[in-house]
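Here are my comments on the model you sent round. Please read them with the coordinates open.

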Amino acid sequence: MAKKRPQTKAKRPQSTGGAGAAGADGHVPVVGAREPCPCGSGRRYKACHGRAAAHAVTELVQRPFEGLPGECDWIALRELVPAATVELTLKEGLPEGVPSVTLATVLPMAWPALRRDDGSVLLGLQNDTASGDISRDLADTLQRALVAGPGTPVQGRRAPAESPRLQDLLDPEGAFEPVVHTGFEFWVPDAENATADVTASLERANAAAIPTVKLQGVDAAYWCETPDKNHLRWVMPHAEEQLLDALARLHAAGQSGLGEGTRLVGSFRAHGLTVPVWDLPSGVGAEDVEKPAAEFAERLATALASDAPLTADERRARGGLTNRQVTLS
């Protein structure tokens, strides 16, 4: 049996008829989907004003993290990084009894959020969301976690259509500084004295995590290790068409690599931004690509500034990059 969805309150179009069923503010109230629409049209609610309400809560927001400090890192932690945390700063400050709010890539049991025994809040990022706006769903989960009882996990739900988004709750001037962990010991305050069940869960999660390191010299670039080769995945803030042109210019000129044996193999889209991906030899570690990545950033800046038409070789290079592009979200 399908789960009953929580009722939402989206803003309704103002009633233009004379039914008088709209509220004092001119908005049509929410009723059952099969009930007559309160606007007086004689149609069922779902076929009248309910259609706009449904669209409001399911319309996909292409860049849900736009406007937040560290948008590129938000995307990386959502899609690329197994284990990481970030301390969040709220616009209105921390409520009484909440010593800290921490964003985590994933939480035990895939909980959307957790209010710890000490009152601190952990907000999970890598969770399915009920609407088309990840930012709104996360903000709704965060608000409920702030008032949950200590020691309580917070379940997911579809956020009300007019509820705040992360951009409304987080300080726009606050720093966003991810800390990448080698494992998930941040789940519990005292991992060394954890129960056998918790220890076993941690061991399973740690075994599945791909070793990942955030580069220090450039923004939102993450090295990861796999059995056959290593990779660098770099979330970039530039407009997609402009970025692909710039990458094509560098690729055609033989300047798209990050050193000997490395290769730009393509890119993927995630939450409205483009993420180029490089293959690296298995012996190349994160520290080995720090300098090449910084040098590449300088070459890319020059290529981005060019408005010259692409040459034939550059168009072929762009076509190859486009053909290998994948959309994650």
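The points below cover the cores, the sheet, the cysteines and one tryptophan.

1. **Status.** This is a predicted model. Every value below is computed from it.

2. **Main core.** The largest nonpolar core holds 41 residues. Trp74, Leu88, Leu142 and Val235 have the most contacts inside it. Several elements each supply at least two residues, including helix 2 (71-79), strand 1 (84-87), helix 4 (166-169) and strand 10 (263-270). Helix 3 gives the most, with six residues. Where does this core sit relative to the domains? Domain 1 (71-208) and domain 2 (212-327) both contribute residues, so the core lies between them.

3. **Leucine 88.** This residue is among those with the most contacts inside the largest core. Which residues does leucine 88 touch, once neighbours within four places in sequence are set aside? They are Trp74, Val101, Leu103, Leu123, Leu170 and Phe176. Trp74 is itself on the list of residues with the most contacts in that core.

4. **Second core.** Another core lies apart from the largest one. It has 24 residues. Leu215, Leu264, Ala293 and Leu321 are among them.

5. **Sheet.** Six strands make an open sheet with mixed pairing. The order is 7-8-9-11-10-12. Strand 7 (212-214) and strand 12 (325-327) are at the edges. Each has a single partner strand, so one side of each lacks a neighbour in the sheet. From one strand to the next, the twist averages 25°.

6. **Strands 10 and 11.** These two pair in the antiparallel sense, over seven bridges. Arginine 269 stands opposite threonine 274 in strand 11. Strand 10 (263-270) and strand 11 (273-280) also each supply at least two residues of the largest core.

7. **Tryptophan 278.** This residue lies in strand 11. Is it buried or exposed? Its relative accessibility is 0%; the cut-off for buried is under 20%, so tryptophan 278 counts as buried. Leaving aside neighbours within four places in sequence, its contacts include Asn230, His231, Trp234, Met236, Arg263 and Phe296. Leu264 is also in contact with tryptophan 278, and Leu264 belongs to the 24-residue core. Glycine 257 is another contact. Glycine 257 and tryptophan 278 are 21 residues apart in sequence, with a C-alpha to C-alpha distance of 7.7 Å.

8. **Cysteines.** How many disulfides does a search of the whole structure find? Zero. Cysteine 72 is buried at 12% relative accessible area. Cysteine 224 is buried too, at 2% relative accessibility.

Note on methods:
Residues are numbered from 1 along each chain as its sequence is written. This is a predicted model: local features need pLDDT of at least 70, side-chain atom pairs count only at pLDDT 80 or more; totals for chains, interfaces and linings use all residues. Side-chain values use heavy atoms; hydrogens and water are left out. A nonpolar core is a set of buried Ala, Val, Leu, Ile, Met, Phe, Trp, Tyr and Cys residues joined through side-chain atoms within 4.5 Å. Buried means under 20% relative accessible area, exposed over 50%, partly exposed in between (1.4 Å probe, protein chains only). Helices (H or I, at least four residues) and strands (E, at least two) are DSSP runs, numbered from the N terminus. Domain bounds come from an automatic or database domain assignment. Contact means heavy atoms within 4.5 Å. Two strands pair if DSSP finds at least two bridges between them. Axes are lines fitted to C-alpha atoms, for helices over the stretch in contact, and angles run from 0 to 180 degrees between N-to-C directions. A disulfide is a pair of cysteine sulfur atoms within 2.5 Å.
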